[in-house]
Amino acid sequence: MNFAFSEEQDQLREFVRSFLEDKSDEAAVREQMDTEKGYDEAVWNQMAEQMGLQALAIPEEYGGQGFGFIEQVVVLEEMGRALLCAPYFSSCVLAANTLLHSGDEDAKKAHLPGIASGETRAALAFTEENGKWDEAGITAQATASGDGYSISGTKMYVLDGHTANAMIVAARTDAGVSLFAVDPSGAGVTATPLSTMDQTRKQAKVVLDGANGTLIGTDGGGWDVLSTVLDLAAVALAAEQVGGAQMCLDMSVEYAKVRVQFGRPIGSFQAIKHKCADMLLEVESAKSAAYYAGWCANEMNDELPSVASLAKSYCSEAYFHAAAENIQIHGGIGFTWEHPAHLYFKRAKSSELLFGDPTYHRELLAQRIGI
């Protein structure tokens, strides 16, 4: 069994990194995070048309390229490194995987080709004001109405919910949690952008007041699909966190080499050496966790649920620690708005809480392995 990346996967990393260094540099990130939309439509179209990133992990029969989760891990790691401002995670990880695992061929054919081409920016709305990430947190109601369903409830923390032109909503019917396709521009749907600490990843509040919904998959089978999707999302986010943590380490080491204090580079001081060594150990360990979880996701094996929680909890803490130490090593300038260190710190903190914090995932891991 070989866990090393193939030559093609390494080339994919090089292409994506080169593209993002050009299109998602610090100036571009700062420009987009200040807009309500939160992304550059021209760059989004280039990602689809020139790079084929939106189509990467979607099967060929639905207009995709048919690659696996390993390739998506590579891409997401680079996106995390560059703090890409785009609805990629919401559309190509959350929504696309929900459709792929729903078992609903009509829904797949209706929505996946648009996601693959970049024309559809889809969002998954399942969390609510209670802030819970489990099945009990879903209280929105769906009642049968004509050929479809009428959905009412409030969804919170919906990634890119205010710019999506397609939405998948989790709501309860008499049979249990179910999934529905909802038109965000339709009657009874109001999406409002939220003010967030991490401005590089936009979130929205979505109010549903009798919105029309089309059932995806089986009535009452929504949580089985969502639990799998949330495991895949945890792995995908862990890959992003690894990219960000590596960038924080690289920034710290580079600064320690060039910043001179008391007539010598600060990297020669033992305290700085220890900080960088600890960061390196945590970043490399985080990579091992994220890459192994990515392999489990690619194989969709029995280990995925437990390894997903392990990777999410470890990578969250590793990224947050690396981002915090990056600020410390930079000293006074690291605390300023002009320096990019705070952008990574805020992304690290928001990613730590997204889909459940490390404590939540350690508890989930304990349950899943029977402790």
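The expected span of a helix is 1.5 Å times one less than its number of residues. In this predicted model, helix α8 covers residues 270–299, 30 residues in total. At 1.5 Å a residue, α8 should therefore span 44 Å. Its end C-alpha atoms are 44 Å apart, which agrees with the expected value. Just after α8, the backbone changes sign in one respect: Met300 takes a positive phi of about 50°.

Two other residues also have a positive phi. Most residues other than glycine have a negative phi. Phi of Leu83 is near 55°, and Leu83 is not a glycine. Phi of Phe262 is near 55° as well, again in a residue other than glycine. Their settings can be set side by side. Leu83 is found in the loop between α4 and α5, while Phe262 lies in the loop between β8 (260–261) and β9 (264–265). Leu83 has a relative accessible area of 2% and so is buried. Phe262 has a relative accessible area of 73% and is therefore exposed.

The loop that holds Leu83 also holds Leu84. This loop runs between α4 (69–82) and α5 (88–100). Leu84 has a relative accessible area of 10%, so Leu84 is buried too. Beyond its sequence neighbours up to four places away, Leu84 touches Leu20, Ser24, Met47, Met79, Thr200 and Arg347. Leu84 and Ile168 are 84 residues apart in sequence, and their C-alpha atoms are 23 Å apart in space.

Attention now turns to a pair of helices. Two packed helices are described by the angle between their axes and the distance between the axes. For helix α7 (residues 222–258) and α10, the axes come within 11 Å and cross at roughly 155°. The two helices are therefore roughly antiparallel, since angles over 145 degrees count as such. The crossing of α7 past α10 is left-handed. On the α7 side, the contact is made by Leu237, Glu240, Gln241, Gly244, Met247, Cys248 and Met251. On the α10 side, Ala341, Tyr344, Arg347, Ser351 and Glu352 take part. By class, this contact has six nonpolar, three polar and three charged residues.

Two of the α10 residues in this contact, Tyr344 and Ser351, were examined in turn. Tyr344 is placed in helix α10. Its relative accessibility is 6%, so Tyr344 counts as buried. With residues up to four places away in sequence left out, Tyr344 touches Gly244, Met247, Cys248 and Met251, among others. Those four also belong to the α7 side of the helix contact. Tyr344 further touches Gly80, Arg81, Ala82 and Leu83, and Leu83 is the buried loop residue with positive phi described above. The remaining partners of Tyr344 are Tyr319 and Ala323. Tyr344 and Tyr319 are 25 residues apart in sequence, but 8.8 Å apart in space, C-alpha to C-alpha.

Ser351 also lies in helix α10, which covers residues 341–353. At 1% relative accessibility, Ser351 counts as buried, because the cut-off for a buried residue is under 20%. Ser351 touches Leu237 and Gln241, not counting residues up to four places away in sequence. Both belong to α7. Its other partners, counted in this way, are Arg201, Lys312 and Ser316.

Key: Residues are numbered from 1 along each chain as its sequence is written. This is a predicted model: local features need pLDDT of at least 70, side-chain atom pairs count only at pLDDT 80 or more; totals for chains, interfaces and linings use all residues. Side-chain values use heavy atoms; hydrogens and water are left out. Buried means under 20% relative accessible area, exposed over 50%, partly exposed in between (1.4 Å probe, protein chains only). Contact means heavy atoms within 4.5 Å. Axes are lines fitted to C-alpha atoms, for helices over the stretch in contact, and angles run from 0 to 180 degrees between N-to-C directions. Angles under 35 degrees count as roughly parallel, over 145 as roughly antiparallel, 65 to 115 as roughly perpendicular and the rest as oblique. A crossing is left-handed if the near helix is turned anticlockwise from the far one by less than a right angle, and right-handed if clockwise. Ala, Val, Leu, Ile, Met, Phe, Trp, Tyr, Cys and Pro count as nonpolar, Asp, Glu, Lys and Arg as charged, and the others, Gly among them, as polar.
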